[in-house]
Amino acid sequence: EGGFMSEGIKMPAHDTLISLIKKNGYRSSYFVGFEASFDGGDVFLERQGIDHILYKGNFGSGYQTMEANDGGFSWGYADADLFKRAQEYLADADASPRLDMYHTVNLHEPFKVPDTETWQKKVEEVLAQRNFDSTTKAEIERNPNIFRALLYSDDALQQMFAQYAKRADYERTIFIITGDHRLIPLPEESQIDRFSVPLIIWSPLLKQSERIEAVSTHADVTPSLIAYLRNNYHLEFPDQAHWLGTGLDMSTTFRNTHTIGLMRIKNNLDDFLSGEHLLSGDTLYHILPGLKLEKLSGSPIKAQMENDFSAFKAVNRYVMQNNKIKPDLTTPDPQLVAEQTLIAKMNLQSASPGQA
């Protein structure tokens, strides 16, 4: 009920992309400009056998954290600095397979960026050059901090791609860009808007570009990557999987073939997506192209959706409470066991993994 990572060290045994490709010789790194312990991320990553975490606490010298708010809080380091610092770390990486994960922060409240004046001028240039309708223009003018951050983060990504293009392993790299939720301060058009985020997959390996109109979720990314690595590069993975997703739908016409519960906030599993329908609270919607919603009343489908959602939640509760996500419990990683034993011996259980 509180989100998977809230279970901390009590998380049931499970597989992730990180843990499965680690067994195939991949080294994994997580790069973030804020505290790795945010939302229990460090505990989760330690469970996966992550090889390296770059975060606010070990960022090193030569970089300046972002301006603090009135309460003295600063998220940490800006996106461009995060990408630059990560490239410094990766400069010594060998030719073995690698998973690099970046968690950016500038497109999150309070949307602060370095050199506000420069990026505000760029926002004004865009407003002058583009023929926005009056509603869009007013939205930009009401939220200059958000649109400064959009331009800044776009530029930071462009710089990151330029640095990767200089690397010898660039030609065999797959890039995935997505977000965890919409830009919340901007007004929602419908109940599904919060879950509507970009998903961009790009690589020098691509033979052609395509715009995918079918619905997929973050839960579908790992199954597709696992299948791709198994089928094309003969990596070895378990015969059975516990994924909630079923793989990315590559249809260029709009449709949804997935069934999954969606958490609007960490303790609110109140939305259920199945085929052409969304059950949000007590309201049933028909999903139209472009993720537009049409409210349905008196539909017999609602009762079936409610039953399916109740079953989904019941299975979730059962596997979480009884450690039943995966039946083939593997031997714990010896290094992780040794670390946890030492942490307990030194009475550091309440410390974050980074502090410990």
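Which residues in α4 meet which residues in α6? In this predicted model, T116, W119, Q120, K122, V123 and V126 are the residues of α4 that take part, and their partners in α6 are P144, F147, R148, L151, Y152 and D155. Sorted by class, the residues of this contact comprise seven nonpolar, two polar and three charged. Helix α4 spans residues 116-129, and its axis comes within 9 Å of the axis of α6, with a crossing angle of roughly 95°. Because angles of 65 to 115 degrees count as roughly perpendicular, α4 and α6 are described as roughly perpendicular to each other.

Helix α6, which covers residues 144-164, also packs with helix α3, residues 79-90. Here the two axes come within 8 Å and cross at roughly 15°. An angle under 35 degrees counts as roughly parallel, so α3 is roughly parallel to α6. The crossing of this pair is right-handed. On the α3 side, the contact is made by D79, A80, D81, F83, Q87 and L90. On the α6 side, Y152, S153, A156, L157, M160, Q163 and Y164 contribute. Eight nonpolar, three polar and two charged residues make up the contact of α3 with α6. It is worth pausing at Y152, a residue of α6 that appears in the contact with α3 and also in the one with α4.

Another residue of the α3 contact, Y164, leads on to the aromatic residues. Across the whole structure, a search finds 18 aromatic pairs. One of them joins Y164 and F175 in an edge-to-face arrangement, with 5.3 Å from centre to centre and 85° between the planes. This pair connects distant parts of the chain, since Y164 lies in helix α6 and F175 in strand β4 (residues 175-178), 11 residues apart. Both partners are shielded: Y164 counts as buried at 3% relative accessibility, and F175 is buried with a relative accessible area of 7%.

F175 has a further ring partner in Y170. The centres of these two rings are 6.2 Å apart and their planes stand at 50°, so the pair is tilted. Y170 is buried as well, with a relative accessible area of 13%. Taken together, ring pairs link F161, Y164, Y170, F175 and W202 into a cluster. Y164 thus belongs both to this cluster and to the contact of α6 with α3.

Note on methods:
Residues numbered from 1 in each chain as written. Predicted model: local features only at pLDDT ≥ 70, side-chain atom pairs only at ≥ 80, totals over all residues. Heavy atoms only, no water. Axes fitted to C-alpha atoms, helices over the stretch in contact; angles between N-to-C directions. Helix = DSSP H or I, 4+ residues; strand = E, 2+ residues; numbered from the N terminus. Parallel < 35°, antiparallel > 145°, perpendicular 65-115°, else oblique. Left-handed = near helix turned anticlockwise from the far one by under 90°. Contact = heavy atoms within 4.5 Å. Nonpolar A, V, L, I, M, F, W, Y, C, P; charged D, E, K, R; others polar. Phe/Tyr/Trp six-rings, centres within 6.5 Å; stacked < 30°, edge-to-face > 60°. Buried < 20%, exposed > 50% of the residue type's maximum accessible area, 1.4 Å probe, protein only.
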